[in-house]
Amino acid sequence: MRASAQDRQGNPGDGRAGRLSVVSTDDEVEALSSRIVTMAFAGQPQLAAQLATFARASSPHSHPLKRSQAIADLVLGKASALDALEEALASRPDDVLARAYYGAGLRALGRTGQAGELFDFANLVKAASIPAFSPEHNAQLEDFILEHPTLERDPAGKATKGGWQTGELFLDPSPLASTLETHFRARIAETLGSAVPPFKLVGWAVVLEAGGHQGPHIHPAGILSGVYYVKVPGGLSGDQGALRFTPGVPWLGPPIPRQALHDVSPAAGLLVTFPSYFWHQTVPFTASGKRICVSFDVVPAARVADYA
Ligand SMILES: [Fe+2]
């Protein structure tokens with residue numbers, strides 16, 4: 001999961017002036033909010049909820065704290081947490097983290113029909129090849145990624161485990177990166193149409209080998225995300241190597257039944273787009289060879305400063 005940009009958009013005033021407050025800056029609010037969520041999923045949901053209540057007493061209008069308290073309450077199984085997340089989304093419809101946990105909470109608390117409407121994989125996960133991007137382009141792109149100076153094994157704070165990930169690719173002056181960005185922007189325009197706001201395209205590559213994978217995550221800074229497959233190992237069978245969408249997370253609620261999952265089989269040249277709040281992961285594979293892709297987020301211009 002990428003860093004939560006929304007957390008940095010807390011209300012700087014929030015009525016905290018002149019009060020004793022456990023947090024006084026947006027960064028402190030962000031750090032405390034993240035800590036509350038971490039505690040909630042680390043076996044201390046009661047303590048996390050109490051900490052959130054205490055912090056919100058002095059920062060009652062803090063959006064990140066409200067969201068974190070709701071997530072802690074979700075772990076405690078409180079249905080009221082869904083109301084709190086609905087309120088949070090009413091004030092900030094672009095809060096990807098709140099929307100993702102709202103959907104996960106719906107499923108966890110048994111409202112699977114509503115979760116299914118929010119995570120409408122059949123209609124909102126779109127996959128089509130980029131015909132203009134030839135196998136020769138993909139071979140060049142593979143070399144470009146594998147030789148990229150930012151390529152890093154198991155980067156801290158990312159979903160990639162047992163693999164490699166680059167930094168932002170579209171900062172690279174390579175014509176190859178710019179050609180790829182042009183294709184992505186064309187697909188984004190097709191997908192979002194007139195709804196697309198001014199945005200920055202942020203992209204990075206992921207390289208996986210046998211056993212490597214990405215755990216469940218979302219892309220908190222985006223409105224639309226995507227992945228383009230540069231290379232896929234031969235001999236993948238069943239769901240091996242698949243991009244898997246899930247209507248929730250395994251750490252919240254009962255096990256997710258197989259029929260609720262939505263798999264996309266990767267293939268070189270395929271571009272997949274999906275709303276950034278969709279939980280997704282990759283299925284490990286045993287075949288030899290590299291699975292190489294380029295992922296991206298459509299980051300609204302208003303959020304770009306928060307994304308770094
Ligand atoms: Fe992802």
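**Helices, sheet and domain contact**

Student: Which residues of helix 1 are buried?

Tutor: The model is a predicted one, and burial here requires 20 or more other C-beta atoms within 10 Å of a residue's own. Helix 2 (45-58) and helix 3 (63-75) are among the elements that cover the buried positions of helix 1. In helix 1, the residues that count as buried are Val29, Glu30, Leu32, Ser33, Ile36, Val37, Met39 and Ala40.

Student: What distance does helix 1 reach from its first C-alpha to its last?

Tutor: Helix 1 spans residues 26-41, which makes 16 residues. At 1.5 Å a residue, 22 Å would be expected. Just after the helix, glycine 43 has a positive phi of about 90 degrees. The reach of helix 1 itself is close to expectation, at 23 Å.

Student: How many residues of helix 5 are buried?

Tutor: Helix 5 (96-108) reaches 18 Å, close to the 18 Å expected for its 13 residues. After helix 5 comes glycine 110, with a positive phi near 90 degrees. The helix is mostly covered, and its buried residues number 13 of 13.

Student: What distance separates the centres of domain 1 and domain 2?

Tutor: The domain assignment places domain 1 at 26-118 and domain 2 at 121-307. Taken over C-alpha atoms, the distance between the two centres is 27 Å.

Student: How many residues does each of domain 1 and domain 2 bring to the contact, and which helix gives the most on the side of domain 1?

Tutor: Domain 1 contributes 15 residues and domain 2 contributes 14 residues. On the domain 1 side, at least two residues each come from helix 3, helix 5 and helix 6 (112-118). With nine residues, the largest contribution to this side is from helix 5.

Student: How do the residues of the side of domain 1 that touches domain 2 divide by character?

Tutor: Helix 5 gives nine residues to this side. By character, the residues of the side divide into nine nonpolar, three polar and three charged.

Student: Which residues touch the most other members of the largest nonpolar core?

Tutor: The core has 70 residues, and helix 5 gives the most to it, with nine. At least three residues come from each of domain 1 and domain 2. The members with the most contacts to other members are Ile36, Leu85, Tyr101, Ala205 and Cys293.

Student: Which residues are in contact with alanine 205, leaving aside its neighbours within four places in sequence?

Tutor: Alanine 205 is among the core residues that touch the most other members. With its neighbours within four places in sequence set aside, alanine 205 contacts Ile145, His148, Gln165, Thr166, Leu169, Ile292, Cys293 and Val294.

Student: Which strands stand at the edges of the sheet?

Tutor: The sheet is open, has seven strands in the order 1-8-5-10-4-3-2, and pairs in the antiparallel sense. An edge strand has a single partner, so one of its sides is left without a neighbour in the sheet. The strands in that position are strand 1 (126-129) and strand 2 (152-153).

Student: How many bridges join strand 4 to strand 10?

Tutor: Strand 10 (residues 291-300) is largely enclosed by the rest of the structure, because nine of its ten residues are buried. Strand 5 pairs with strand 10 in the antiparallel sense over seven bridges, and glycine 226 has phenylalanine 296 as its bridge partner there. Strand 4 (residues 199-214) also runs antiparallel to strand 10, with lysine 200 partnered by valine 299. The bridges between strand 4 and strand 10 number ten.

Student: Which residue stands opposite threonine 160 in strand 4?

Tutor: Strand 3 (residues 160-165) and strand 4 run antiparallel and are joined by five bridges. Opposite threonine 160, in strand 4, stands glutamine 214.

Student: Is glycine 241 buried or exposed?

Tutor: Glycine 241 belongs to the loop between strand 5 (224-231) and strand 6 (243-246). Threonine 282 is 41 residues away in sequence, yet its C-alpha is 6.2 Å from that of glycine 241. Because 27 other C-beta atoms lie within 10 Å, glycine 241 is buried.

Student: What distance separates the C-alpha atoms of glycine 222 and valine 96?

Tutor: Glycine 222 sits in the loop between strand 4 and strand 5 and is buried, with 27 other C-beta atoms within 10 Å. Its contacts beyond four places in sequence are Val96, Ser276, Asp297, Val298 and Val299. Glycine 222 and valine 96 are 126 residues apart along the chain, and their C-alpha atoms are separated by 7.6 Å.

How values were computed. Residues are numbered from 1 along each chain as its sequence is written. This is a predicted model: local features need pLDDT of at least 70, side-chain atom pairs count only at pLDDT 80 or more; totals for chains, interfaces and linings use all residues. Helices (H or I, at least four residues) and strands (E, at least two) are DSSP runs, numbered from the N terminus. The expected span of a helix is 1.5 Å times one less than its number of residues. A residue is buried if 20 or more other C-beta atoms lie within 10 Å of its own, exposed if 12 or fewer, and partly exposed in between; C-beta atoms are placed from the backbone. Two residues are in contact if their C-beta atoms, placed from the backbone, lie within 7 Å. Domain bounds come from an automatic or database domain assignment. Ala, Val, Leu, Ile, Met, Phe, Trp, Tyr, Cys and Pro count as nonpolar, Asp, Glu, Lys and Arg as charged, and the others, Gly among them, as polar. Two strands pair if DSSP finds at least two bridges between them. A nonpolar core is a set of buried Ala, Val, Leu, Ile, Met, Phe, Trp, Tyr and Cys residues joined through C-beta atoms within 7 Å.
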